Amino acid sequence: MRRCRWAGRDRGSFTAELAAGLPALLLLLFVGLTAVDAVGTKGACLHAAREAAIAAARGADAWAVVRAVAPPGAEVSIDKDGQRVRVTVRAPVRALGAQMPRLMVTATTVAAVEPGPEPFPPVDAVAGGAGVGG
């Protein structure tokens, strides 16, 4: 003997299941899109740090390179330590939704200073106001 279901017995069950699962699905979508944006921002930070480290190691203007390729809102630090140049780029990740916590990604690159003339002006020339070349 077969049991038959009447068509009207489970009306609305799909709507109830959708209403319960949709917020979780949207949260998962927001987290996934934020993670994709974080990976892209990390790549942009790494690219900016590499380019600035290479420019500083060669004696070029690393700050101009960073301004050209760094992601918006990035914080940059360039340190020369003996025969090495260390560049750190730190940038915020745009999270989807105003109430989400702000994420920061950081990329650091080190490059060896190439031999040749001193790429950076002496500290007293910058701080003392003596000027360079004049």
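This report describes the nonpolar core and the strand pairing of a predicted model.

Residues are numbered from 1 along each chain as its sequence is written, and side-chain values use heavy atoms, with hydrogens and water left out. Local features need pLDDT of at least 70 and side-chain atom pairs count only at pLDDT 80 or more, whereas totals for chains, interfaces and linings use all residues.

**Nonpolar core**

The largest nonpolar core (buried Ala, Val, Leu, Ile, Met, Phe, Trp, Tyr and Cys residues joined through side-chain atoms within 4.5 Å) has 20 residues. Those touching the most other members are C45, A52, A62, I78, V85, V87 and V89. At least two core residues come from each of α1 (13-58), α2 (62-69), β2 (84-93) and β3 (103-112); helices (H or I, at least four residues) and strands (E, at least two) are DSSP runs, numbered from the N terminus. The greatest contribution is that of α1, with eight residues. With residues up to four places away in sequence not counted, A52 is in contact (heavy atoms within 4.5 Å) with A62, V65, V66 and V87.

**Strands**

Seven of the 10 residues of β2 are buried (under 20% relative accessible area, 1.4 Å probe, protein chains only), so β2 is largely enclosed by the rest of the structure. Strands count as paired if DSSP finds at least two bridges between them.

| Strand pair | Sense | Bridges |
|---|---|---|
| β1 (residues 75-81) and β2 | antiparallel | seven |
| β2 and β3 | antiparallel | 10 |

I78 has V87 in β2 as its bridge partner, and V93 stands opposite L103 in β3. The hairpin of β1 and β2 has two residues between the strands. In its turn, G82 has a positive phi of about 70°.

Note on methods: Buried < 20%, exposed > 50% of the residue type's maximum accessible area, 1.4 Å probe, protein only.
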